[in-house]
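Let us walk through this structure together, step by step. Keep the picture in view as you read.

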Amino acid sequence: MIFTLVSSAQEWLNTKWDETRKRREEYAILKEREAEEAEMKRFEGTRVTVESFLAWKAKFDIEFGAKKMQERDKETRKLTGRELFLTDKTLNESDLKFLEDGGDSIKVDESLFQDLEELDLDAEDALDDDSS
């Protein structure tokens, strides 16, 4: 009698274990399919129709036109000194060239100013008197 009870308990446990294992395998297969379907949906994207494309193109043209206008405005307007300084890195060193050349020493040809008394300044005075 004990053998029969143990045998039927063992058979019952084996069937329950097989059912549990089968359910776990089916659940794992179902999860795998769902993951594959989600992956496929991710790659599928949005279907394009003529209407959706035209709506997108209208928005794109407006945005692209606005960007082009901004770029055109940037090109046509004069840059401020700061903007020039920030964009053109050669201006950082331009003043150094003047300092290296001796910045304060300007050579003046004094011979040009020696004959100032000989200039005819009366002609200028005559023009001023005619206008009054």
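## A chain of helices

Before anything else, remember that this is a predicted model. Followed along the sequence, the chain shows the pattern α-α-α-α-α. In other words, it has five helices and zero strands.

How sure is the predictor about this picture? The average pLDDT of the chain is 80, and 77% of the residues score at least 70. Confidence is highest in H1, with a mean of 93, and lowest in helix H5 (residues 122-131), with a mean of 54. Please keep that in mind when you look at H5, where the mean is the lowest in the chain.

Now for the surface. What share of the 132 residues counts as buried? The figure is 0%. The chain exposes about 13,600 Å², and 57% of this area is supplied by carbon and sulfur atoms.

Let us begin with helix H1, which covers residues 2-44. You can check its length yourself. At 1.5 Å a residue, its 43 residues should span 63 Å, because the expected span counts one less than the number of residues. The C-alpha atoms at the two ends are 62 Å apart, which agrees with that expectation. Just after H1 comes Gly45, and here phi is positive, at about 75°.

Next, look at the charged side chains along this helix. Side chains of opposite charge can pair when their charged atoms come close. The count for this structure comes to five salt bridges, and we can visit some of them in H1.

Arg21 and Asp18 make one of these salt bridges, with their closest N and O atoms 2.7 Å apart. Why are these two separated by about one helical turn? They are three residues apart in helix H1, and therefore about one turn lies between them. Arg21 has a relative accessible area of 40%, so it is partly exposed. Asp18 is also partly exposed, because its relative accessibility is 39%.

Further along, Lys31 forms a salt bridge with Glu34, and here the closest N and O atoms are 4.0 Å apart. Both residues lie in helix H1, three residues apart, about one turn of the helix. Lys31 counts as partly exposed at 40% relative accessibility, and Glu34 counts as partly exposed at 39%.

Another salt bridge joins the side chains of Glu39 and Arg42, at 3.1 Å from N to O. Glu39 and Arg42 are three residues apart in helix H1, so about one helical turn separates them. Is each partner exposed or partly exposed? Glu39, at 33% relative accessibility, counts as partly exposed. Arg42 reaches 59%, so it is exposed: the cut-off for that class is over 50%.

Let us move on to helix H2, which covers residues 50-76. Val50 is found in this helix. With 58% relative accessibility, Val50 counts as exposed. Val50 also belongs to a nonpolar surface patch of about 730 Å², which is made by Val48, Val50, Phe53, Leu54, Trp56, Phe60 and Phe64.

Several names in that patch have aromatic rings, so let us look at how rings are compared. A pair of aromatic rings is described by the distance of the centres and the angle of the planes. How many aromatic pairs does the structure hold? There are three. One of them is the stacked pair of Trp56 and Phe60, with 5.2 Å from centre to centre and 15° between the planes. Trp56 and Phe60 are four residues apart in helix H2, and therefore about one helical turn separates them. Trp56 is partly exposed, with a relative accessible area of 47%, and Phe60 is partly exposed too, at 37%.

Phe60 also pairs with Phe64: the ring centres are 5.7 Å apart and the planes meet at 10°, so this pair is stacked. Phe60 and Phe64 both lie in helix H2, four residues apart, about one turn of the helix. Phe64 has a relative accessible area of 42% and is partly exposed.

Finally, put the rings together: Phe53, Trp56, Phe60 and Phe64 form one aromatic cluster. These four residues are also among those that make the nonpolar surface patch.

Terms used. Residues are numbered from 1 along each chain as its sequence is written. Side-chain values use heavy atoms; hydrogens and water are left out. Buried means under 20% relative accessible area, exposed over 50%, partly exposed in between (1.4 Å probe, protein chains only). Accessible areas come from the Shrake-Rupley method with a 1.4 Å probe; for residues, only the protein chains shown count as cover. Patches are made of residues with over 30% relative accessible area and no salt bridge: like charges are joined within 9 Å, nonpolar side chains (Val, Leu, Ile, Met, Phe, Trp, Tyr) within 5 Å. pLDDT is the predictor's confidence in each residue, from 0 to 100. Rings of Phe, Tyr and Trp (its six-membered ring) pair if their centres lie within 6.5 Å; planes under 30 degrees apart count as stacked, over 60 as edge-to-face and the rest as tilted.
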